[in-house]
There are 2 protein chains.
Amino acid sequence: MKQYLTLDEWKIIEEGFDPEKNRISESLFSIGNGRMGQRANFEEAYSGNTLQGNYVGGVYFPDKTRVGWWKNGYPEYFAKVLNAANWIGIDIDIEGEALDLAICKVNFFRRELNMKEGYLQRVFEVELPSTKKIQVKATRFLSMARHEVGVIKYTIVALNFNGRVTITPYIDFDVKNQDANYDEKFWEEINHNVEYTRGYVNARTKKLDFHVCAAMDYFITQHGSKVGITPDSADQRKYISSSMSLNMKSNEEITVYKFASICSSLNHPKEFLVENTLNVLNNAMLSGYDKLLDEHKQAWEKKWRESDIVIDGDVAAQQGIRFNIFQLYQTYTGDDERLNIGPKGFTGEKYGGSTYWDTEAYCLPFYMSTADEYVARNLLLYRYKHLQKAIENAEKLGFTGGAALYPMVTMNGEECHNEWEITFEEIHRNGAIAYAIFNYVRYTGHKEYLIEYGLEVLVAIARFWAQRVNFSREKNKYVILGTTGPNEYENNVNNNWYTNRIACWTMEYAMEAASYVSDSAPEKYTELVQKINFNQTREIDNWRHIIENMYYPVDEKQAVFLQQDGYLDKEQMLADDLPRKERPINQHWSWDRILRSCFIKQADVLQGLFFLEDQYDKDTLLRNFDFYEPRTVHESSLSPCVHSILAARLGEEEKAYDLYLRTARLDLDDYNNEASEGCHITSMAGTWMSVVMGFGGMRIVDDKLTFRPFIPRQWKSYAFKIQFRSHIISAKVTSVEVIITNQSDRQLDLVVFDQSLTIDPEKSLAVAHHQAAGT
Amino acid sequence: MKQYLTLDEWKIIEEGFDPEKNRISESLFSIGNGRMGQRANFEEAYSGNTLQGNYVGGVYFPDKTRVGWWKNGYPEYFAKVLNAANWIGIDIDIEGEALDLAICKVNFFRRELNMKEGYLQRVFEVELPSTKKIQVKATRFLSMARHEVGVIKYTIVALNFNGRVTITPYIDFDVKNQDANYDEKFWEEINHNVEYTRGYVNARTKKLDFHVCAAMDYFITQHGSKVGITPDSADQRKYISSSMSLNMKSNEEITVYKFASICSSLNHPKEFLVENTLNVLNNAMLSGYDKLLDEHKQAWEKKWRESDIVIDGDVAAQQGIRFNIFQLYQTYTGDDERLNIGPKGFTGEKYGGSTYWDTEAYCLPFYMSTADEYVARNLLLYRYKHLQKAIENAEKLGFTGGAALYPMVTMNGEECHNEWEITFEEIHRNGAIAYAIFNYVRYTGHKEYLIEYGLEVLVAIARFWAQRVNFSREKNKYVILGTTGPNEYENNVNNNWYTNRIACWTMEYAMEAASYVSDSAPEKYTELVQKINFNQTREIDNWRHIIENMYYPVDEKQAVFLQQDGYLDKEQMLADDLPRKERPINQHWSWDRILRSCFIKQADVLQGLFFLEDQYDKDTLLRNFDFYEPRTVHESSLSPCVHSILAARLGEEEKAYDLYLRTARLDLDDYNNEASEGCHITSMAGTWMSVVMGFGGMRIVDDKLTFRPFIPRQWKSYAFKIQFRSHIISAKVTSVEVIITNQSDRQLDLVVFDQSLTIDPEKSLAVAHHQAAGT
């Protein structure tokens, strides 16, 4: 743990410059607007250790796979997010010396991410090798209001000299992914131009022909007004710049306003891309810096109004949870159903910016509760649009008849990953995608989603499960062989309880959905039956037979579900028995040793009990929790939240809080020594769930919002906002009571501690904790 | 199957030139002398499809591993055999036209591998684009008598023209491995020189600093005498050549005699390497072509005298079995315990020329029975010398206290392979290495090997097993979790029967060996106990406890051993149920489908029953054979021989013969469409076993040689030679009797069809088949 940041409720603050931590800070201070994003690289040159990163959502590259030993069925390509144009660059030259923090003496440095208003700011004072001192204040944001616009205000003060300063804003598209399997550059230039202060570089990806145009313009103010110097422009392949040289006097300041627009062929016809990019730029220039910043702040104000969590009595926790909400909204705003949430968002290259089951299992609840309903719906539509590819993916593996296997890792619906034990065997992901449909319908009440889209996906997934099982004559039951569950510290196991359970659950829900659609929209149903060649009677009978005869591994003695066949043959140890120096085991043990140990990477049986909590009694939850939690090493950032929520459900408040702490400030305190590669965006949604579903005990039961909150004793109070079926609700929990406020204009029926309540519009209602007794 | 070769008892013959088959022929017609070898590439230039290959045994390169997803414990390097100097090259230029079979019209072409005398010959007649016709006869061999010498006799006849011919013998060390992970060249030149007709290139490997020097000299005869032209020499980095131009008349012939010596720093001090190489070359030149060929033939004559198998009534079978014996001896002669047997020998790059468990499980019996005893002993010493590395390898995976895990794939004792399911889990290889010691002692009677070397290895392997098991409270037995058995179509299984069995067997044998050594050489024993810190009482007690409490999966109903836990949960199908177009399944099914199917790649339970046949009654063998054979797809060339031998043991003669046929001409008829990459050298030893141990029923029982032969009804007779404890014995089997000849000068006691017999020196004895009745 290397906590070096200043605690603050609304800001992330780094005081003093430590080049060793620069890559970490570049990740943590990343900014984005859901369409594009970037690491907190410096505008001026920096010759020290840095990972430069500018990413445009939805623009990716199918990099040729690197594999040791090929297996049939592996994909040839791994789609990865592309490092795109660097548009932030402003070279500063002071009488022949470059401003570069790696070679200056840094007297003062403060980096600040203002989460409330959504901008990144650096203020620093440096002494150049020539002893000239300058002060810089740089403010940057990617507009939440205009998705293709980025803005920089960069102020320089000469502190102890008079001299000539050359300022060179530029766009550099000659970028490279750090993670490129064959060390290629992925972009080639189409054209570029630079005239006076304005220029652009228009480039295409070497495969798939995505076009991205990055344009910039700027002006400089001195003595409060724009300077009128004729700039020198320069250009080369994939690069344009425009320079101005000015004389500065001691204690005088000049300010560069740099405006950029970054547009892609996802949203513009290629033939008009340059023109449109310049139009976007023009409009931004015309609006001016202050207006752009104001719009941007307003957009963030709205987000916070609808999704903030306030924690009283614990600044670190307050900062941590806001950082999570902030990064999630910087990564994905839900306006475009072609986009999704990479595990690192726009904060790094790792995991290729691709979509994992993280989206459905962890992120969906966050967006469902904090954003307008179309946002969660867009997350579902993303998968709906990939259905045909998922069917083709299953066909590659020998499945037929419209069975779908969604990929483990994807950008455009095609599988990208190639480890057989994951690609081919971690098939539970298919269940999470089905469960997301259920979860969405349960939360929003929009059963009509099943008619339009949901049922088609559910049938395709159910068909997969129906083929993936086989009947064991030995057990006289259906079994699912050769799988990897959510716990990736087991590979190629038989009868992973979670997988067997989610498979049957999917078939049950598909049957229920089919029955709903056929009753409520018979014409649509008939249409679908024909479209997907659905042999209802035969297929549903088969599903029912499988559901009724599925085998689930259990330990009768301890009355717990078994993670998989043979789990009890392992040497039974507890995570606490592990020597400290051997943790995390994935850094200290060889893979075979991990595999044959009983240790669990992330929630597996408990993931199932979390999803299907209402199907199990509390004793069952408790026995399984008590068995699995001590065996779980939580070496995935996605794990503790699920355990925390279950602990909360079981009244184990201390445990719930301890588990929450494991990810609450995962990146800010860099627990895992990997923040330099980017932030754990998807696990941030899990942390949010720990608060709202764990501490807050929020559930949807019988179409009603319900709460069963408690407060960690370390906090004075906490409050969260959620949206539920057109209501905005705030819940504040103190040590004595829960105050629910209905901020909408319609009555709200809800349940708190098993009491049914009604709250009038704009009213609040308090329920004391002691009323929870006995639940 | 593309049989294009002419059947012949002693030769492999290709009539007519088919460029499409050239790579296959290059593999099949490979020559070698156990120290070095080469593919049957052409001496003259060839611009068509070819895989050039010249290999020097024991000289390898640690190529940087290519891996998709790194796992803790993976090795960083994969040692691979190096493509070394091309010393065969002789460019032929006829009045400005190069002789190149890819651009000539080939009127006649015959390639012949004379297995009896050990040389490769081509005779061909071509028409150049200019319509000039020439005839060539090229004979080449790598001397079996002088391990560093290669010789070529290359005769050209001008058929229809008078003209000038330029002949350019050369050495080219600027070679590349086709299989190089990062496309590097592995050699750098140290120096080279060429004067008159003689030159050399001396090079070192870029890693490990192996030096290899290749030198050549030549002369040309015309009209029956050496021509005295002053040659033109040429050189460049890693290349030297010397040319002579002569006038030829129609129907006149000239002959080039090219001599080469190839020496390495394995056998010469680096500082004298060039000098020594030139000395070897000098001596070869002084001896001359005829004497060198004669020595070489004599060496082969001895080999055949001691190891030939004669099959009467089936030329294809005769050719097949001799090809196998020939290639095995070209690959490994056993003179140098630093060398071993790569799966492709010197016939290709695949598998990197490294050592696998193939050596112990398949090759050892061949060399034990057909060569002097030191040969098999050298194969054991190879592993003895790697013991320390095997201990380090186990330490990398978390084992302690002198436990050894021999690598899956190795050149110098370090693990080269990186697939977790194989590298870390296919640990049964450790058992095969222990079993080889037992097998050697059983065959040779040299129990003193245990004192000097064997026990130390056995204890280290037993220690590994004792740590690799864990006690299952659930089963109240020891289990071995997370392994891959010989059947690589199952990965990461629990309680692979074969692995559990060979683990216990190793511990049993280690105990027996310890007891033998402590009784018969107490001082040596005490020395060893101290050296390896052997806590006899505690360790042996522990082994005994494990042996007595080991869990073995069985199916009580069918009374068969189960390949692993859960095997019967699979959908039970037979290989015959598979559609023809889906075989081999490894080319048609995705990996997960293969894994969860019941299909077996190669003998697994049956491998164990083969090794430990004498511990099981015939009914047990039969039940297991009947269960597993129909489920085995034999997609490893190492599989059918084991099944064939068991079938023979069980009296299923037709089945034994069918299984034998699957590999008898595997490469000659290119069953698997992969002969172009090289020959299946190690599986050739398996085919040999099918004849001698299968049809011949040879076993060693209670220190006695025993036979229980039958004859496939397709054959008139077959005869094989073996060496057994200083006896050379020949056995001839006809449809009515077995004739055993004792070719040595000492009496031989043996058992045929359970009858104890004695044969006097130089005498034969016949036993009729009907005497076998009832066994």
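Is Asn533(A) buried or exposed? Asn533(A) is exposed, its relative accessible area being 64%. The legends below describe close-up views of a predicted model.

**Figure 1. Asn533(A) in a loop between two helices of chain A.** The loop runs between helix H12 (522-531) and helix H13 (536-548). Most residues other than glycine have a negative phi. Asn533(A) is not a glycine, yet its phi is positive, at about 55°. With a relative accessible area of 64%, over the 50% cut-off, Asn533(A) counts as exposed.

**Figure 2. Glu762(B) in a loop between two strands of chain B.** Strand E33 (755-759) and strand E34 (764-768) flank the loop that holds Glu762(B). Glu762(B) has a positive phi of about 60° although it is not a glycine. Its relative accessible area is 54%, so Glu762(B) is exposed.

**Figure 3. The cis peptide bonds before Pro584(A) and Pro584(B).** Most peptide bonds are trans. In chain A, the bond from Arg583(A) to Pro584(A) is cis, with omega near -5°. Pro584(A) is placed in the loop between strand E26 (560-561) and helix H14 (585-588) of chain A. In chain B, Arg583(B) and Pro584(B) are likewise joined by a cis peptide bond, with omega about -5°. There the loop with Pro584(B) lies between strand E26 (560-561) and helix H13 (585-588) of chain B.

**Figure 4. The interface of chain A and chain B.** Chain A contributes 47 residues to the contact and chain B contributes 47 residues. The buried area is about 4,000 Å², with 48% given by carbon and sulfur atoms. On the chain A side, Trp69(A), Asp569(A) and Arg596(A) lose the most area to chain B, together 19% of what that side buries. Across this interface there are 6 salt bridges. One salt bridge pairs Lys475(A) with Asp569(B), with 2.4 Å between the closest N and O atoms.

**Figure 5. Superposition of chain A on chain B.** Chain A is superposed on chain B by a rotation of 180° with 0.0 Å of shift along its axis, at an RMSD of 0.0 Å. The two copies are therefore related as by a two-fold rotation axis. The same surface serves both copies, since 100% of the contact residues of chain A recur in chain B.

**Figure 6. The contact of domain 2 and domain 3 in chain A.** The domain assignment of chain A gives domain 1 (23-307), domain 2 (372-633) and domain 3 (696-775). The centres of domain 2 of chain A and domain 3 of chain A, taken over C-alpha atoms, are 32 Å apart. Domain 2 of chain A brings 9 residues to the contact and domain 3 of chain A brings 10 residues. The area buried between these domains is about 700 Å², of which carbon and sulfur atoms give 37%. Arg442(A), Tyr443(A) and Glu613(A) supply 65% of the area that domain 2 of chain A buries against domain 3 of chain A, more than any other three residues. The count between the two domains is 1 salt bridge. Glu613(A) also forms a salt bridge with Arg699(A), the closest N and O atoms being 2.7 Å apart.

**Figure 7. Surroundings of Gln327(A) in helix H4 of chain A.** Helix H4 covers residues 315-331. Gln327(A) counts as buried because its relative accessibility is 1%. Leaving aside residues up to four places away in sequence, Gln327(A) touches Ser27(A), Leu28(A), Ser30(A), Leu113(A), Thr347(A), Cys679(A), Ile681(A) and Met684(A).

**Figure 8. Helix H3 of chain A.** The helix has 19 residues, from 289 to 307, and reaches 27 Å from its first C-alpha to its last, close to the 27 Å expected at 1.5 Å a residue. Among the buried residues of H3(A) are Tyr289(A), Leu292(A), Leu293(A), Trp300(A) and Trp304(A). The buried set also includes Glu295(A), His296(A), Glu306(A) and Ser307(A).

**Figure 9. Helix H17 of chain B and its cover.** Helix H17 (residues 639-649) is mostly covered, with 10 of its 11 residues buried. The buried residues include Pro640(B), Cys641(B), His643(B), Ile645(B) and Leu646(B). Their cover includes helix H4 (358-370), helix H15 (605-611), helix H16 (618-628), helix H18 (653-664), helix H19 (681-695) and strand E27 (699-701) of chain B. Gly651(B), just after H17(B), takes a positive phi of about 80°.

Methods. Residues numbered from 1 in each chain as written. Chains lettered and ligands numbered in written order. Predicted model: local features only at pLDDT ≥ 70, side-chain atom pairs only at ≥ 80, totals over all residues. Heavy atoms only, no water. Helix = DSSP H or I, 4+ residues; strand = E, 2+ residues; numbered from the N terminus. Expected span 1.5 Å × (residues − 1). Buried < 20%, exposed > 50% of the residue type's maximum accessible area, 1.4 Å probe, protein only. Least-squares fit on C-alpha atoms with pLDDT ≥ 70 in both. Contact = heavy atoms within 4.5 Å. Domains from an automatic or database assignment. Buried area = accessible area lost by both parts, 1.4 Å probe. Salt bridge = Lys/Arg side-chain N within 4 Å of Asp/Glu carboxyl O.
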